[in-house]
Amino acid sequence: MPGKVFAVVVAIITLVIAYCVIAHVWWMPVDVSVHGPKIDHQIEETLFGAGILFIAGQLVLASFAFLYGDSKGARKMKAFPGGAKSLIVFACVVVGVEILVLSFVGSKAWASVYFTPPDPDSLRVDVQAGQFAFYFRYPGPDGKFGPLHPELINETTQNYFGLDPEHDADAKDDIVTAGLAIPVNKPVLLTLHSKDMGHSFDVRELRIQQDFVPGIVIPIHFTANQTGKFEIVCTQLCGLGHYNMKAYLEVMSQADYDNWLKQQAAMQ
Amino acid sequence: MSESELTMSTGHEVLMEASPYRIEKKKLGMWIFIVSDACTFATFLFGYGYMRVGSQNWGTPFDFPTILNGIIMTFVLLSSSLTMLAAVRATQAGQKPSANKWLGLTITLGTVFAILHLREWFKMFGEGWGLFSNPTGGAVQFGACFFSVTGLHLAHVISGVIALLIITRGYNRGRYDTSHVETAGLYWHFVDLVWMFVFPMMYLMNAR
Amino acid sequence: MHDMSAHAAAHHAPPSGFIRKYVFSVDHKVIGIQYTTLSLVAAFIGMALSWVMRIHLGWPAASIPFLGTLSPNGAPGGVPTPEYYLSLMTMHGTIMAFFVLTAAPMAGYGNFMLPIQVGAADMAFPRLNMASFWVTFVGFVLACATFIIPDGPPISGWTAYAPLSAVGQVAGPGQGRGQDLWVLSIALFCVASLLGALNFIVTTIDLRTKGMTLSRLPLSTWAWFINAWVSLLAFAVLLPTGLLLLLDRVGGTSFFIPGGLVVNDKLLPHSGGSPLLFQHLFWFFGHPEVYIIILPAFGIVAHLMPTFTRKPLVGGWKVITFAMIAIGSLSFLVWGHHMFVSGMSPSMAMVFSVPTLIITIPSVIGVLVFAFSLYGANIRFTTPMLFCLGFISLFISGGIGGFFLAQPAVDSYLHATSFVVGHFHFTMGLSAIFATFAGFYYWFPKMWGRMMNETLGKVHFWLSFVLVYCVFMTMHLMGLTGAVRRYSSYVADFMVPQIPTNRFMTVAALLLGATQFIFLYNAIWSRFKGPKAADNPWGATTLEWDTTSPPPFDNFGGRQMTIHHGPMEYDADAFVMQTSPEKSIAGT
C-alpha cells in the first residue's frame with residue numbers, strides 16, 4: 001500500500017512540474033537581442049531532452065514502487081534482465097549522445113556571445129559598478145574615453161568615474177549617466193569595470209549576464225532589436241545594498257537616442 | 001606486520017591473512033598526510049604562479065649571495081635526508097648508539113637550515129621586504145608569495161625538528177621503536193622533497 | 001613492542017568515569033554519536049536561520065517574533081536589515097554545508113559504523129579521531145560566536161568571494177571580526193576533516209578483519225572510503241585558501257585584492273591581486289565538496305536498499321562502486337562551471353563544461369542502479385526505505401537541473417537565479433538529507449538499542465517529501481524567469497510580482513520545519529522509551545547487525561569475526577550474514 005501511495009504522489013508531482021514547464025507558468029521574458037534566440041533555443045532543447053529523462057525517471061521509480069511491494073512471499077523475486085549492462089549502455093549512449101549534442105550546439109550559442117568579435121562600428125559605453133549603483137559613460141564627440149583615476153572618485157561632486165577633465169583632454173567630453181540608453185538595431189560594446197567589489201551586469205531580456213571583476217576590464221557586446229525599457233540588475237553579491245542595485249536599459253530609435261544623448265551631454 | 005601486532009592494534013585475537021600489500025598503519029597514515037600536505041603546498045605554489053604570470057612588474061631581485069645561501073640550505077637539507085636514512089637503518093639493525101648519532105646529526109642539520117633561513121629572512125626585512133612591501137618597486141605580491149611559501153616550509157622543518165627530538169627521546173626510553181623512526185623519516189624526506197620545488201620556484205626563478 | 005601493549009591495554013579496558021566515557025572518549029561509537037548530535041543541533045540552527053530568511057522574503061515589513069529581542073542591532077523592531085538577512089544567509093549556508101551535510105553522513109555515521117563494518121575494534125587512530133571531533137566542535141562554536149559579537153556574522157555568503165571578504169571591516173557590517181571568526185571556523189573544520197579522512201582511509205585499508213576483502217566491503221564503507229580520498233584532497237586546498245584570505249585580511253597582502261579599489265570612499269592600498277584566483281582556489285575545493293556531501297548519501301542508500309528490497313543491487317557491488325569512484329575523481333575537473341560568467345576566459349568555459357556533462361554519466365548509472373534494483377523485488381516500505389525512495393526521486397529532480405547549468409550558454413541566463421538555489425538544495429540539501437534520515441532511522445536501533453516509532457517516521461517522511469517539492473521545485477521553476485538569488489528583499493520590478501509565490505514557499509518551508517520536530521520528538525522519545533531493539537531488527541547481513549544493539553565496547557565482545565560473503569546475500573525472506581559459513585544464496 002505505501003508503495004502505491006508513493007507511486008501516485010510521485011506521478012502527481014511529476015505531472016504538476018511538467019505542466020508548469022510546458023504551460024510556461026514561469027518563463028523567460030521576451031528576448032530583445034540578436035544572439036538571444038540561440039540561447040533560448042538551447043534552453044528549450046535542454047528542457048525537452050532533460051524533461052524526458054526527468055519524466056521517465058520519476059515514472060519508472062513510481063511504477064516499480066507500485067508493482068513490487070512486499071506481497072509476503074506470494075510473488076517470486078525477479079532479477080532485472082541482463083543485470084546492469086543495459087543500464088550502463090543506456091547511461092553511456094543515451095546520456096552520452098544527449099550531452100554531446102548539447103555541448104556542440106550549445107557551444108555555438110556561447111560562441112555567438114563570446115567568440116564573435118564586436119562590430120568595429122559599435123557604440124561604445126563604459127560601465128562602472130560600485131556599491132550600490134551602476135554608472136555609464138559615453139565617449140562623447142571625440143570618441144575616446146578619458147583615463148580613470150580612482151583616487152579622484154567623489155560621490156558628492158558626482159565624479160563617479162574619477163575623471164580629471166582639467167588635465168585629461170579625452171575626459172573633457174565624456175558623458176556620465178545613471179541609465180543606459182542605446183539605439184535599436186545598433187551593435188553596442190560595453191566595457192565593464194568595478195569600483196570596489198564583484199558585481200554583475202544582468203539584463204534578462206538581452207540574455208546577457210557578465211560579472212564585473214575588480215582589477216579587470218571586461219568587454220561584452222550585443223545588439224538589441226526591440227525598443228523598450230529593461231531592468232539591469234546586479235546578480236553578484238556585493239554587500240548589503242545588493243538587492244537594490246539596479247539601473248535601466250532603454251532601447252530607443254536612433255532619433256530618440258540622439259536627443260537623449262544631447263540632453264545628457266548638456267547636463268554634465 | 002606480525003599477527004601479534006595486528007592482534008594488539010585491533011584489540012582482540014584476530015587471525016589475519018598476511019597481505020603483502022598491508023602497510024603498517026602509522027606509515028600509511030603518514031603517507032596519506034603527505035598527500036594532503038602536498039596538496040596544501042601545491043595550492044600555495046599555484047597561487048604564486050597565478051600571481052607571477054598575471055603580474056607585469058614581478059622582477060627578479062635575488063642576487064648571487066641569496067642564491068648561494070639557498071644552495072647551502074639545499075645541501076644542508078639533502079644531507080639531513082641522508083643522515084635520516086642512516087638513522088632509520090641503524091634503528092632497523094637495533095644499533096641504538098649509532099641511531100642516536102644519526103638522529104642527532106639530522107636534528108642539527110635541520111636546525112642549521114632553519115637558522116640560515118631565518119637569517120636570510122631578517123636580512124630581507126632589513127632591506128624593506130615584507131608581506132606587502134617590495135623595496136625594488138616591483139609587485140607587492142613578491143613578498144607575500146615568498147614569505148608565505150617559505151614560511152610554510154620553514155614551519156614544517158621546525159615542527160619536524162621538534163618531532164625528531166621527541167622521537168629520539170622516546171626511542172631512548174623504549175617508548176618508541178623502529179616504526180616511529182621510519183614514520184618520522186618519511187615526513188622528513190617529504191619536507192626535503194617540498195624544498196626541491198620551493199628552491200627552484202621561489203629562488204632560482206627570481207634570480208637576477 | 002612496547003607501544004603495542006600500551007595500545008592494547010587502552011583497548012582492552014573500557015574507560016570509566018563520565019568524562020572519559022562520554023566527553024573525551026576515544027571510542028569511535030561515542031565520537032560518531034557526538035558528531036551526529038552536533039549535526040542535529042546545527043541542522044535546527046541552520047533551519048531556524050532559513051525560517052527567518054523566508055519570512056522576510058515573503059513579508060519584508062513584518063516584525064518577526066522574538067527577533068527584536070535576540071538581535072536588536074540586526075533586526076530592530078524584529079524586522080531584519082538587509083545586512084542581517086545576508087548574514088543569516090551566509091551562516092545558513094556555512095552551517096548546513098559544513099556542520100550538517102559534511103559532518104553527519106560521513107563523520108557521524110561513518111565513525112560509528114565503518115570500524116564495525118570492516119570488523120575492527122576501533123578506528124586506526126582513536127586519539128586523532130577524538131581530536132578531530134573536538135576541533136570540529138570548536139569550529140562550530142566559532143561559527144555560532146559570529147552571532148553574538150557586536151558586528152554580527154559575515155555577509156559574503158558561504159562562498160566568501162573576494163574582495164568583499166578580503167578587504168576587512170571597511171567593506172561594512174560583518175566584514176570585520178565576523179569574517180575573521182568565520183575563516184578560523186572553516187580552517188578548523190578543514191583540519192578536522194583532514195584528520196578524519198586520514199583515519200577512514202587507514203582503517204579501511206589496514207584494519208579489515210579476516211576474509212573482508214575489498215569485494216566484500218559494505219557499500220556504505222566503500223562510499224566512506226572513496227569520500228575520504230575526495231575529502232583529503234579537497235580540504236587540503238581549502239585550508240591554504242583560507243590562510244591566504246586571512247593574510248589578505250590581517251596581513252596586508254594582496255593575493256585577492258587588486259589595486260585602485262575605492263570602498264566606502266577610501267582608496268585601498270592593495271595592488272595586483274586577483275579575485276578570480278580566490279574563485280579558482282575556492283571552487284577547486286567547493287565542487288568536490290558537494291560530492292563529499294552526496295557520496296555518503298549514495299553509500300547509505302546502496303547499503304540500505306538491499307535490506308528492504310530483499311535482493312542485491314543490480315550490478316552487484318562493482319557497478320555502484322565504480323560509479324562512485326568515477327564521480328569522486330571527475331569531481332576535481334569541473335570547478336570552473338561555477339565561473340562561466342565570472343570573467344574567466346570563455347574558452348575555459350567549454351573546457352569545464354565537458355567534464356561537467358560527463359559526470360552525469362556515472363551519476364545516471366547510480367540512479368539507474370537504485371531505481372532498477374526495485375524491479376522484481378519484495379519491497380518492505382519501512383521508514384528508512386521510504387526515505388531511500390524519496391532520495392531517488394529528489395536526486396533525479398536535482399540532477400536534471402545539472403544538465404542546464406553545465407552548459408555555459410544556458411548558465412549565462414540561469415546563473416545566480418533561484419534555479420541554482422533549487423538545484424543545489426535538491427541535490428545537496430534534500431537528497432543528502434533524505435539519505436541521512438534513512439540512515440538515522442536504520443541505524444538508530446544499533447546505536448541506541450531501541451526502535452524508533454514507525455508511524456511517526458512515516459508521517460515525517462510523507463509530509464517532508466511533499467513539502468520539499470513545494471518549496472524547492474517552485475524555487476527551481478521560478479528561476480526560469482531570471483529571479484535573482486541572494487536578494488534580501490524583492491524590489492526589482494520583475495521580482496515584486498513574485499512575492500505571492502514566495503509566500504507560498506515560505507508557508508511550505510515553515511510547515512516543513514515544523515515537521516522536523518516530529519522527527520526530533522521521535523528520536524528523543526525513542527532514545528529513552530522506545531521498544532528495545534533486537535540485534536538484527538531489519539534482517540540485514542552486514543557486520544553491524546552481527547553484534548548486540550548497541551555494540552559492546554570492543555564491538556564484537558571478543559569474538560572472532562571471519563567473513564565468508566559479500567554484503568548483499570538476500571533472497572526475499574532468506575538472507576545470509578557476512579560471517580555465516582552457510583552457502584551463498586544470491587551469489588554476490
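**Figure 1. Contribution of α7(C) to the lining of the largest cavity.** In this predicted model, α7(C) provides 6 residues of the lining of the largest cavity, the largest share. This helix spans residues 177-206 of chain C. Further contributions of at least two residues each come from α5 (82-118), α6 (126-145) and α8 (219-250) of chain C.

**Figure 2. Centre and volume of the largest cavity.** The space enclosed here has a volume of about 170 Å³. Its lining comprises 17 residues. Those nearest the centre are C:T102, C:M106, C:A107, C:S193 and C:G196.

**Figure 3. Residue classes around the largest cavity.** Nonpolar residues number 10 in this lining, and polar residues number 7. No charged residue takes part in the lining of the largest cavity.

**Figure 4. The second largest cavity, with lining residues from chains A and C.** This cavity holds about 130 Å³ of space. It is lined by 18 residues, and the closest to its centre are A:G198 and A:Q236 of chain A together with C:Y161, C:A162 and C:Q279 of chain C. At least two lining residues come from β7 (208-212) of chain A, and at least two from α9 (275-309) of chain C.

**Figure 5. Residue classes around the second largest cavity.** The lining of the second largest cavity includes 2 charged residues. The remainder of this lining divides into 10 nonpolar and 6 polar residues.

**Figure 6. Cavities counted in the predicted model.** The count comes to 7 cavities of 30 Å³ or more. Among them are the largest, of about 170 Å³, and the second largest, of about 130 Å³.

Conventions. Residues are numbered from 1 along each chain as its sequence is written. Chains are lettered from A and ligands numbered from 1 in the order in which they are written. This is a predicted model: local features need pLDDT of at least 70, side-chain atom pairs count only at pLDDT 80 or more; totals for chains, interfaces and linings use all residues. Side-chain values use heavy atoms; hydrogens and water are left out. On a 1 Å grid over the protein atoms alone, a cavity is a set of points where a 1.4 Å probe fits but cannot get out, and a pocket is an open set with protein on both sides within 12 Å along at least five of seven lines; lining residues have an atom within 4 Å of a point. Grid points are joined across faces, edges and corners, and a volume is the space filled by probe spheres set on the points. Helices (H or I, at least four residues) and strands (E, at least two) are DSSP runs, numbered from the N terminus. Ala, Val, Leu, Ile, Met, Phe, Trp, Tyr, Cys and Pro count as nonpolar, Asp, Glu, Lys and Arg as charged, and the others, Gly among them, as polar.
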